[in-house]
Amino acid sequence: MKKLIMITSVALTLTLVAGCTNKSVVRYGDATEVETTDISFGSTDLQKVAGQMTDSLLLSPVVGTLTANSRPIMFVESIKNKTSEHIDTESITDSISTKLLRSGKFRFVDMSRVEAARKQLDYQQNSGMVDTAKAMQFGKQVGAQYMLYGNLASIVKSNKDQTDVYYKFTLRLMDLESGLVEWADETEIRKTKGKEFVSW
Amino acid sequence: MLTACASTSFSDLFSNYNKQMHGVKSAQQRGNFEQALTLIPQRDKGNVSYSLSLLEKGRLEYLANQHELSKQDFELVYKQVQQAEQAAKVQLSRGVENVAAVVSNDNAIRYDIPYYEQSMLHSYQALNYLSQNDLSGALVEIRRANLVQNKALKANQQAIFDSQKKMARKGVSPESLASKYPSMNTAIGEVKNGFQNAYTFYLSGVLYEAAGQANDAYIDYKKALEIYPHNVTVQQDVWRLANVLGMDNDIQLFKKRFSQDIAKGNSQGSANKQSPAASGQLVVLVEQGIINSKQEVSIHLPIFTSHGDMRFYSLALPSYQNRLRQYSGLSLSYQGKHYQSQEIVRLQSLAAKQLQDEMPVIVTRQVVRIIAKEEIRKQISRKGGDIGNILAALYNVASEKADTRSWSTLPDSIHILRLDFAPGKHEVEMNINGNKRTVNFEIFEDRQTLVKLTAIGNYTHYQSLNL
């Protein structure tokens, strides 16, 4: 009997100790899984915004006629962050332009890499290392016909019971020559976090 | 387990925060911010004053031009504030802290950052982002600061009323407290509440203008004007933007309120627009002095116990010195004209007003504590005889400390001045509190150049940022 008590108590202590030493575990998860760690702008929001915007753009009839016989050249201007969070809006534009490129209907010029391209051309032309007959020439790049730009705005409200965040993402496509906005759409996201009643 | 989650360092319980910060502040007064940084009382995560020590650190790093470090520390504080706000309604760890506070003192309670300190936190954070040429990041901080001020406005009135009622229920009337507690009226001055910070609104206006959002800027300049109706710089900005934006109703209203100079001065300005003499603007933010720390005062208050009899108890309460230092601000002469900066926020007054509003809550806790400690002393003396009685009495005296925690490295007063300059490089001699200083800056057409000046004692420093 005594032995039994002894064993159970040892086992109990062991489980207790094991419970307390919280070992951190590394796991792989699904990148598209809904993420609700906290209320701030997260991966699910980014994926939702980028996904809905590209779908809407690709399915719109205006864009259908634009891309019927050619692959228009676009460039992405930045997305203006008007929220009260530090959000990497470049990563939203990256997702959108990647999806559009993947659709095969558009071509892109990348304004963020102009300097690097210039350096490379300069090297080819002037370093004396590259066969001049095979070197890429300056002044042969093509200009973008359309500009993609947008805003991300938010309204945050909170009271003693909950916090509510509303995001509105607007994206527009402008014909650079005529200045006409050919397409625009917006996505909304609303997130609410209720407060727990008791916690440590 | 309990200590791990809500810990108070031993020194906090028996020595006042203002004493611990003494060395830091005298180093800051000498302009030796690196030394001040090493002297900050270290608090680890989980300590009740962790966020406060981060605030002090972030501010000193900001002064020492270590903007990246300062940004990281302030961001940590913001996370703490967020967590506290979104935490459960009943937090058991707070209960533990309160129990600890009942047997010791208020220093065992988590430091909740008051609203005026939060708005300053975001203002500094915005300036940190600006020094890294990140206007969009700075604007995020400005929007956070505005959220704080809105929240404060909503939370304020009801809270003060409720806490006064609670104090009365514990047997202390607001009148008897007011008669014993040292007055802070001079320190408070004309401030109406402890959270509305015109400086934050003004900075927000400047940054919105830099981002080309004149309408947003106008709204925030107007809010700053509500708080400081006589500040000429703000009046000029409101008048200028009202004209640019064609706010006809407001123009009629301000025409009556503002002095002739401003209303006339800008009609000339609009005439200038037709015959354009290119110009840009210089905005100077002048931080002066260091805010006072809270002090401990002892007062005797009559308290009605539950048995209905009245007894006098001695309470240790925090208070601010009832005086305001005078600052002459910034003055400069340019092209034969003399210009003088004006106050946009008096942080000392905000802090004093905040403390005055919190006083009923503090007194209520103090009364509960005194009664509990008295009860413990009785119990111990019954069991431990004379020695127990003496020990308990000694402990009660030693642990009776006021909570003097507050963000103590903030400036005392902030002034602003805005001037038009021709585009190009300039070198202007400025006079700050009697110290002469030559300031170099560059003006671009139709852009603002922000110069932030710090004047602490004989130390002056400036940084110019092109917006």
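## A hairpin in chain B

In strand S6 of chain B, B:Lys337 sits opposite B:Tyr334. This is a predicted model: local features need pLDDT of at least 70, side-chain atom pairs count only at pLDDT 80 or more, and totals for chains, interfaces and linings use all residues. Residues are numbered from 1 along each chain as its sequence is written, while chains are lettered from A and ligands numbered from 1 in the order in which they are written.

S6(B) covers residues 337–340 and runs antiparallel to S5(B), residues 330–334, with four bridges joining them. (Strands are DSSP runs of E, at least two residues, and helices are runs of H or I, at least four, numbered from the N terminus; two strands pair if DSSP finds at least two bridges between them.) Together S5(B) and S6(B) make a hairpin with two residues in between, and B:Gln335 in the turn has a positive phi of about 50°.

## A covered helix

Now look at helix H9 of chain B, residues 115–131. Its 17 residues should span 24 Å at 1.5 Å a residue (times one less than the number of residues), and the end C-alpha atoms are 25 Å apart, which agrees. In H9(B), 16 of the 17 residues are buried (20 or more other C-beta atoms within 10 Å of their own, with C-beta atoms placed from the backbone), so the helix is mostly covered. After H9(B) comes B:Asn133, with a positive phi near 60°.

## Where the chains meet

Chain A gives 14 residues to the contact and chain B gives 15 (C-beta atoms, placed from the backbone, within 7 Å). Strand S6 of chain A, residues 198–199, pairs in the parallel sense with S1(B), residues 90–91, over two bridges. There, A:Ser199 has B:Gln91 as its bridge partner.

Definitions and conventions: Two residues are in contact if their C-beta atoms, placed from the backbone, lie within 7 Å. A residue is buried if 20 or more other C-beta atoms lie within 10 Å of its own, exposed if 12 or fewer, and partly exposed in between; C-beta atoms are placed from the backbone.
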